[in-house]
Amino acid sequence: MKWLWLCTALLAALAAAIVLGPASVPLSDLVHSPIVRELRVPRALLGLLVGGSLGLAGASLQSLVRNPLADPFLLGLSGGAGLGAVLAIALHLGGPWAIPLAAFAGALIALGLVFRLGLVGGAELDPRILLLGGVAVGAFCGAVMTAIVSLAEASELRNAYLWLWGGLSGASWDTLRVIALCLPIPVLVLLAAARPLDLLALGEEPARHLGADVRAVKRRVYLAASFLTAVSVAVAGVIGFVGLIVPHLGRALVGGRHLRLLPASFLAGGTLLVLADTLARTVVAPRELPVGIVTALVGVPLFAVLLRRWTAY
Amino acid sequence: MGRWAHRTHVAGRLAALLGVACHGAARQQAAGPLALSDDAGRQVRLAGPARRVVSLAPSITELLFAIGAGGQVVGRTVYDQYPPAALQVPAVGDGLNPSVEAIVARHPDLVLLYRSAHTDAAAQQLERLGVPTLVVRHDGLADIARTARLLGRATGQDSGGETVGRSIDSLLAQPLPPVRTRLAYVVWDSPPIVIGAGSFLDELARRAGAANVFHDITTPSATVSLETIVARDPDWIAVVRDSAGDTPPAWSRRPEWRAVRAVRDGRFLLLPADLFGQPSARASAAIATFLELLSHRPLTTGHQPP
């Protein structure tokens with residue numbers, strides 16, 4: 001029943017994203033309109049995949065570091081991606097894909113640094129060290145980025161921050177093809193880790209006694225979730241809040257077992273982002289709101305209701 | 001590199017010329033205190049015409065040079081580009097987050113700021129240190145005429161300010177040409193940011209016979225959806241940029257932008273930033289450049305203006 005509800009919500013959100021928009025497209029033209037075919041459909045699907053990735057990555061990382069406040073961007077990736085993007089603009093790297101590629105490279109470097117920090121002194125991805133390492137790497141990248149933006153004279157750099165706030169305006173069938181190639185492996189790795197993640201929720205020692213290869217699972221989950229986040233940030237910038245709040249929505253809907261929680265987080269994340277983006281495009285048309293603002297505006301009330309239910313348990 | 005060397009060479013010669021001009025002008029300065037009101041609605045009293053002026057906006061610097069007060073400018077922002085002579089003046093910071101210390105070190109008797117939330121605080125700080133400030137805001141053509149006259153009075157270059165003011169007034173008095181084509185200014189591609197009404201660029205385009213398809217947006221710039229640009233279907237995409245050359249911007253090769261007809265057809269108006277990047281007294285020259293760029297290829301008038 002809950003699954004039916006989740007899927008219906010997702011389909012409704014996708015339908016709304018395709019039918020609604022700042023430009024008026026009559027329903028009869030829906031199939032033939034280039035606005036729908038080239039812009040709305042890819043954008044809705046990109047929202048589904050990016051929102052789903054962030055939800056899935058958030059749920060996995062929250063279980064990995066056993067902290068309900070964990071967010072895919074808490075592990076330094078947004079800082080790395082931002083620094084990459086700003087460098088690409090400052091160095092005038094040409095080509096239509098320069099900024100997404102540079103952001104992806106920056107996110108991967110930050111991912112590698114935090115991963116390495118997480119292994120220092122045999123720490124084996126100790127959650128505390130991962131979180132602190134992520135915050136430190138993110139802050140460092142942020143500082144370098146701000147220094148470049150304030151010292152360089154290129155007027156384009158003043159707009160670099162806009163890119164960082166995130167959005168789905170870069171959606172096209174090409175973007176979708178790239179992301180569709182990148183997603184399956186990390187998604188499968190995370191889904192395959194559902195059972196060990198259940199054990200890990202009991203604590204590392206008990207999980208080890210119950211037969212989980214804790215070391216390998218942690219590494220796999222960390223790398224796959226971070227890779228998903230890096231792909232998302234490269235195509236859509238830093239869209240806040242989805243990765244933090246969606247896993248909690250998922251837990252409230254289907255419980256804490258990862259075999260159900262992970263797919264539910266993917267569906268809920270996709271639904272929330274597609275819905276938020278539709279609102280962002282239409283509410284103040286012809287202007288557009290940054291989608292990160294709308295995810296928070298839609299997400300926080302839901303979250304507040306959830307918190308009330310939790311405290312009632 | 002070559003372009004830069006050329007610039008500084010010209011700058012030196014222009015500075016020499018302007019120095020002479022200002023020397024002559026200094027004699028006509030009226031002595032005695034001045035009472036001025038600025039765009040922040042403040043009454044500012046000066047002991048006399050300012051002789052050491054720090055300008056905290058590129059457009060203010062340009063206007064000061066245009067009215068013949070260039071020789072009195074002792075500080076500018078790092079973003080200043082025009083006139084070349086202005087680059088000889090020491091820079092005191094980025095203008096929007098002014099470094100009060102660097103400004104005071106130039107011993108100004110007047111600091112000119114572009115009105116914004118950031119600069120209001122700096123203006124108050126400077127006033128407390130005993131440095132008089134004028135806060136101005138010139139976004140459209142009529143504002144430029146008004147500001148030119150205000151700066152003229154503040155620097156004792158009344159006739160220079162009046163000349164610039166009058167040239168803008170006569171431009172404004174001309175009837176608007178009929179709309180022959182429609183354009184959208186794209187400032188940034190992802191998310192798409194366009195120029196709305198209430199901007200210098202919107203006015204320039206209209207006076208060159210091109211209607212801005214985002215004239216209904218009242219703020220100077222705004223984020224819009226790509227599909228809005230597709231739906232409004234401008235004949236041209238206008239881009240203001242620092243670099244020379246006639247290659248279209250890199251983002252025009254991104255697949256989602258191909259949905260815009262003007263992008264597919266390569267109809268870009270590449271506007272040089274030193275002429276179009278800021279509101280300036282060279283509006284007539286900018287309009288002439290605009291008309292020339294529009295005439296490079298036949299204009300299409302597929303749609304009636306809104």
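Which element gives the most to the lining of the largest cavity? In this predicted model, the element is α2(A), with three residues.

## The largest cavity

The structure holds one cavity of 30 Å³ or more, and the space in the largest cavity amounts to about 80 Å³. Residues of chain A in its lining are A:L39, A:R40, A:R43, A:L168, A:S169, A:A171 and A:R281. Chain B is represented in the lining by B:S225, B:L226, B:E227 and B:E256. Two elements give two or more residues to this lining, namely α2 of chain A and α8 (226-232) of chain B.

By residue class, the lining of the largest cavity divides into four nonpolar, two polar and five charged residues. Among the residues that line the cavity are the arginines A:R40, A:R43 and A:R281, together with the glutamates B:E227 and B:E256.

## The second largest pocket

The second largest pocket holds about 420 Å³ of space. Its lining is made up of 18 residues, of which A:W5, A:L249, A:L253, A:A268 and A:L302 are the closest to the centre of the pocket. Four helices of chain A each give two or more residues to the lining: α1 (2-19), α12 (242-254), α13 (258-282) and α14 (291-312).

The largest share of this lining comes from α1(A), which supplies six residues. In terms of residue class, the lining of the second largest pocket comprises 15 nonpolar residues, one polar residue and two charged residues.

## Helix α8 of chain A

Helix α8 of chain A spans residues 184-192, and A:P186, A:V187 and A:L190 are buried within this helix. These three residues lie on the same side of α8(A), because they cover an arc of only 100° around the axis. On the other side of α8(A), the exposed residues are A:I185, A:L188 and A:A192.

Several helices of chain A take part in covering the buried residues of α8(A), including α2 (34-65), α7 (173-182), α9 (194-200), α11 (214-236) and α13. Helix α2 of chain A thus appears both here and in the lining of the largest cavity, while α13 of chain A also gives residues to the second largest pocket.

## Aromatic pairs

Over all chains, the structure holds five aromatic pairs. The ring centres of A:F104 and A:F227 are 5.8 Å apart and the ring planes stand at 75°, so this pair is edge-to-face. A:F104 belongs to helix α4 (residues 98-119) of chain A and A:F227 to helix α11 of chain A, so the pair ties together parts that are 123 residues apart in sequence. A:F104 is partly exposed, with a relative accessible area of 22%, and A:F227 is likewise partly exposed, at 26% relative accessibility.

The aromatic pair of A:F115 and A:Y222 is stacked, with 5.6 Å from centre to centre and 15° between the planes. A:F115 lies in helix α4 of chain A and A:Y222 in helix α11 of chain A, so this pair ties together parts that are 107 residues apart in sequence. Both A:F115 and A:Y222 are buried. In chain B, ring pairs link B:W251, B:W257 and B:F268 into a cluster.

How values were computed: Residues numbered from 1 in each chain as written. Chains lettered and ligands numbered in written order. Predicted model: local features only at pLDDT ≥ 70, side-chain atom pairs only at ≥ 80, totals over all residues. Heavy atoms only, no water. 1 Å grid on protein atoms, 1.4 Å probe; cavity = no way out; pocket = protein on both sides within 12 Å on 5 of 7 lines; lining within 4 Å. Points joined across faces, edges and corners; volume = space filled by probe spheres on them. Nonpolar A, V, L, I, M, F, W, Y, C, P; charged D, E, K, R; others polar. Buried < 20%, exposed > 50% of the residue type's maximum accessible area, 1.4 Å probe, protein only. Arc of directions from axis to C-beta. Contact = heavy atoms within 4.5 Å. Phe/Tyr/Trp six-rings, centres within 6.5 Å; stacked < 30°, edge-to-face > 60°.
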